[in-house]
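Open the structure in your viewer and follow the stops below. Each one says what to select and what is there.

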Amino acid sequence: MAAPEERDLTQEQTEKLLQFQDLTGIESMDQCRHTLEQHNWNIEAAVQDRLNEQEGVPSVFNPPPSRPLQVNTADNRIYSYVVSRPQPRGLLGWGYYLIMLPFRFTYYTILDIFRFALRFIRPDPRSRVTDPVGDIVSFMHSFEEKYGRAHPVFYQGTYSQALNDAKRELRFLLVYLHGDDHQDSDEFCRNTLCAPEVISLINTRMLFWACSTNRPEGYRVSQALRENTYPFLAMIMLKDRRMTVVGRLEGLIQPDDLINQLTFIMDANQTYLVSERLEREERNQTQVLRQQQDEAYLASLRADQEKERKKREEEKERKLECLPPEPSPDDPESVKIIFKLPNDSRVERRFHFSQSLTVIHDFLFSLKESPEKFQIEANFPRRVLPCIPSEEWPNPPTLQEAGLSHTEVLFVQDLTDE
């Protein structure tokens with residue numbers, strides 16, 4: 001997945017950007033950001049508009065994108081397995097079915113019309129996700145109250161968090177959307193989802209995220225995955241560096257059949273996880289090697305710096321040992337010099353008029369407080385004293401030739417960084 005452009009984005013907007021990309025499968029982060037900005041960062045509205053585009057309804061903002069929500073498998077299809085309800089048996093069964101058919105049709109038609117009309121009167125409260133973790137915990141508690149505590153381990157976090165963990169851990173993520181009002185949900189949860197062999201498979205081979213579509217968090221995921229019926233399961237994994245839906249299971253599926261279908265989907269896509277795991281190991285090894293090289297370079301650099309420091313210390317000691325003795329205050333040819341160092345400290349020493357300016361430089365060089373590279377300046381007139389040999393001054397002048405008086409204040413300028 002491409003790294004998001006986070007310039008000028010708040011942490012909340014960055015999280016919405018990543019969440020929107022995971023839900024829609026759009027690779028371009030610029031396109032994701034552009035879409036969210038057009039919807040005032042309302043992720044539900046942006047996702048819904050994206051889904052409308054996939055169904056052939058033109059977006060009011062953008063032209064149809066180049067990538068669909070569901071990234072296809074190698075054979076250009078997501079594996080889909082739908083279990084149809086059993087057909088009526090016998091004359092009595094068919095008679096009951098035909099008698100109830102118009103009533104069912106009328107009931108669901110009126111219900112759909114009522115829900116459609118209600119959307120214009122009152123917005124669906126599920127469209128506002130305010131406490132996604134609370135939605136998950138609430139569903140888990142209601143599930144345990146109804147079906148007991150023997151069930152697959154629920155992921156106690158948001159859908160986006162589950163996607164991120166599955167991506168980071170390179171594991172399959174099984175998503176279950178629970179339709180509270182569907183006639184098959186109760187039997188599926190009681191007899192299939194809570195079957196010991198199903199629990200064992202899910203707990204050992206994948207992460208399991210579940211929520212009711214009556215809850216805002218479940219409804220939001222439902223709008224992204226677009227289930228056709230219940231019970232609904234979707235298998236998601238990291239494929240080609242994107243979190244991808246690789247399998248859909250819909251309808252009342254029995255325990256053995258569910259195990260077979262999940263195993264088939266995992267076996268068919270295991271190579272992608274293996275490939276990604278190898279790539280990560282290679283990247284980690286490269287990172288470790290680079291870190292080791294950096295550490296070796298720093299160790300070598302520190303060793304060289306330590307050699308240079310010792311070399312400077314030895315040179316300072318030699319300069320100090322070679323300095324001529326300090327003249328007495330009574331010597332009429334002595335010069336009292338006060339040096340002002342870059343750290344605002346002061347050093348005072350006497351020199352002889354006949355001595356070269358090089359002696360002044362050597363004295364300062366031998367001090368611990370002096371910078372590694374410096375020049376010496378006089379104030380009246382302001383000038384740089386030629387204390388070390390140069391093309392202009394192959395032999396630096398004496399203190400007297402340089403025009404120094406019996407008492408001087410000289411300034412040491414730090415040239416280390418120049």
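Which residues form a nonpolar patch on the surface? Keep in mind that this is a predicted model. Select Y297, L298 and L301: these residues make up the patch, and their accessible area together is about 290 Å². Within the patch, L298 belongs to helix α10, which covers residues 255-322. L298 counts as partly exposed because its relative accessibility is 42%.

Next come the salt bridges, of which the count is 17. Select D186 and K146, a pair whose closest N and O atoms are 3.7 Å apart. This salt bridge links distant parts of the chain: D186 sits in helix α7 (residues 185-193) and K146 in helix α5 (residues 132-147), 40 residues apart. With a relative accessible area of 27%, D186 is partly exposed.

Keep D186 selected and add R190. These two also form a salt bridge, with 3.2 Å between the closest N and O atoms. Both D186 and R190 lie in helix α7, 4 residues apart, or about one turn of the helix. R190 is partly exposed, at 41% relative accessibility.

Elsewhere, select R241, E276, E279, R280 and R283; salt bridges with shared partners join these residues into one network.

For the last stop, go to helix α6 (residues 159-169), where R168 and D165 are 3 residues apart, about one turn of the helix. Their salt bridge brings the closest N and O atoms to 2.8 Å. Is each partner buried or exposed? R168 is exposed, at 51% relative accessibility, whereas D165 is buried, at 16% relative accessible area.

Technical notes:
Residues are numbered from 1 along each chain as its sequence is written. This is a predicted model: local features need pLDDT of at least 70, side-chain atom pairs count only at pLDDT 80 or more; totals for chains, interfaces and linings use all residues. Side-chain values use heavy atoms; hydrogens and water are left out. Patches are made of residues with over 30% relative accessible area and no salt bridge: like charges are joined within 9 Å, nonpolar side chains (Val, Leu, Ile, Met, Phe, Trp, Tyr) within 5 Å. Accessible areas come from the Shrake-Rupley method with a 1.4 Å probe; for residues, only the protein chains shown count as cover. A salt bridge is a side-chain nitrogen of Lys or Arg within 4 Å of a carboxyl oxygen of Asp or Glu. Helices (H or I, at least four residues) and strands (E, at least two) are DSSP runs, numbered from the N terminus. Buried means under 20% relative accessible area, exposed over 50%, partly exposed in between (1.4 Å probe, protein chains only).
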